[in-house]
Amino acid sequence: MPAKSRYTLVIDGLSPVTRSHDIKAEASYYGKVLCVERDARARCALVEFQSSRDADRAWEKLDGLRFDGCRWKVDWAVRKDFDFMGWKWTEGDERSPSRSPSRPHDIGY
């Protein structure tokens, strides 16, 4: 079984009209969101939280949410999700931002 992230969730089933800032606004109800990156073609996003407690609370509350006419499927991100989005896998390392310095923040507007 692949290792799962402690801080980052993957959201699948996004509407084509849902934007990164919409996702961040919904996720922020459950804790501090460090980064959101959305892939419009795959209709998914990674959402990185500051704490694992916040990520856990968001996972419980956001899974199954109906937003912009679609039902979100939320799960813990795994290494392949990070690879797909071009993020560096940092689990097990010192806490550092998972995004690379060359990647813009909050893509998808």
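**View A. Arg19 lies in the loop between β1 and α1.** Helices and strands are DSSP runs, of H or I over at least four residues for a helix and of E over at least two for a strand, and are numbered from the N terminus. The model shown is a predicted one, in which local features need pLDDT of at least 70 and side-chain atom pairs count only at pLDDT 80 or more, whereas totals for chains, interfaces and linings use all residues. Residues are numbered from 1 along each chain as its sequence is written, and side-chain values use heavy atoms, with hydrogens and water left out. With a relative accessible area of 39%, Arg19 is partly exposed, where buried stands for under 20%, exposed for over 50% and partly exposed for the range in between, computed with a 1.4 Å probe on protein chains only. The side chain of Arg19 makes a polar contact of 3.2 Å with that of His21; such a contact is a pair of N or O atoms within 3.5 Å, of which, within protein, one must be able to donate a hydrogen and the other to accept it, and residues adjacent in sequence count only if both atoms are side-chain atoms. From C-alpha to C-alpha, Arg19 and Arg38 are 7.6 Å apart in space, although 19 residues separate them in sequence.

**View B. Four strands form an open sheet in the order β2-β3-β1-β6, with antiparallel pairing.** Strands β2 (33-39) and β6 (73-78) stand at the edges with a single partner strand each, so one side of each has no neighbour in the sheet. From one strand to the next, the twist averages 25°, with axes taken as lines fitted to C-alpha atoms, for helices over the stretch in contact, and angles running from 0 to 180 degrees between N-to-C directions. Helix α1 (residues 20-27) packs on this sheet and touches β1 (4-12), β2 and β3, while its direction makes about 140° with that of β2; contact here means heavy atoms within 4.5 Å.

**View C. Antiparallel bridges join β1 to its partners β3 and β6.** Two strands count as paired if DSSP finds at least two bridges between them. Five bridges link β1 to β6, and on this side Leu9 stands opposite Trp76 of β6. The pairing of β1 with β3 also runs over five bridges, and here Leu46 in β3 is the bridge partner of Val10.

**View D. Strands β2 and β3 form a hairpin, with four residues between them.** Six bridges join β2 to β3 (residues 44-49) in the antiparallel sense, and one residue pair to inspect is Val33 with its bridge partner Phe49 in β3. Because six of its seven residues are buried, β2 is largely enclosed by the rest of the structure. In the turn, Arg43 has a positive phi of about 55° although this residue is not a glycine, and at 32% relative accessibility Arg43 counts as partly exposed.

**View E. Asp68 occupies the loop between β4 (66-67) and β5.** The phi of Asp68 is near 50°, which is a positive value in a residue other than glycine. With a relative accessibility of 38%, Asp68 counts as partly exposed.

**View F. Two buried cysteines are Cys35 and Cys70.** The relative accessible area is 0% for Cys35 and 15% for Cys70. Across the whole structure, a search finds zero disulfides, a disulfide being a pair of cysteine sulfur atoms within 2.5 Å.

**View G. Overall arrangement and confidence, with three helices and six strands in the protein.** Along the sequence, these elements follow the pattern β-α-β-β-α-β-β-β-α. Of the 109 residues, 43% count as buried, and among contacts between residues at least 6 apart in sequence, 68% join residues at least 24 apart. The mean pLDDT, the predictor's confidence in each residue on a scale from 0 to 100, is 85 for the protein, and 82% of the residues reach 70 or more. Residues 94-109 stay under 50 in pLDDT, and for this stretch the model has 37 contacts beyond four places in sequence.
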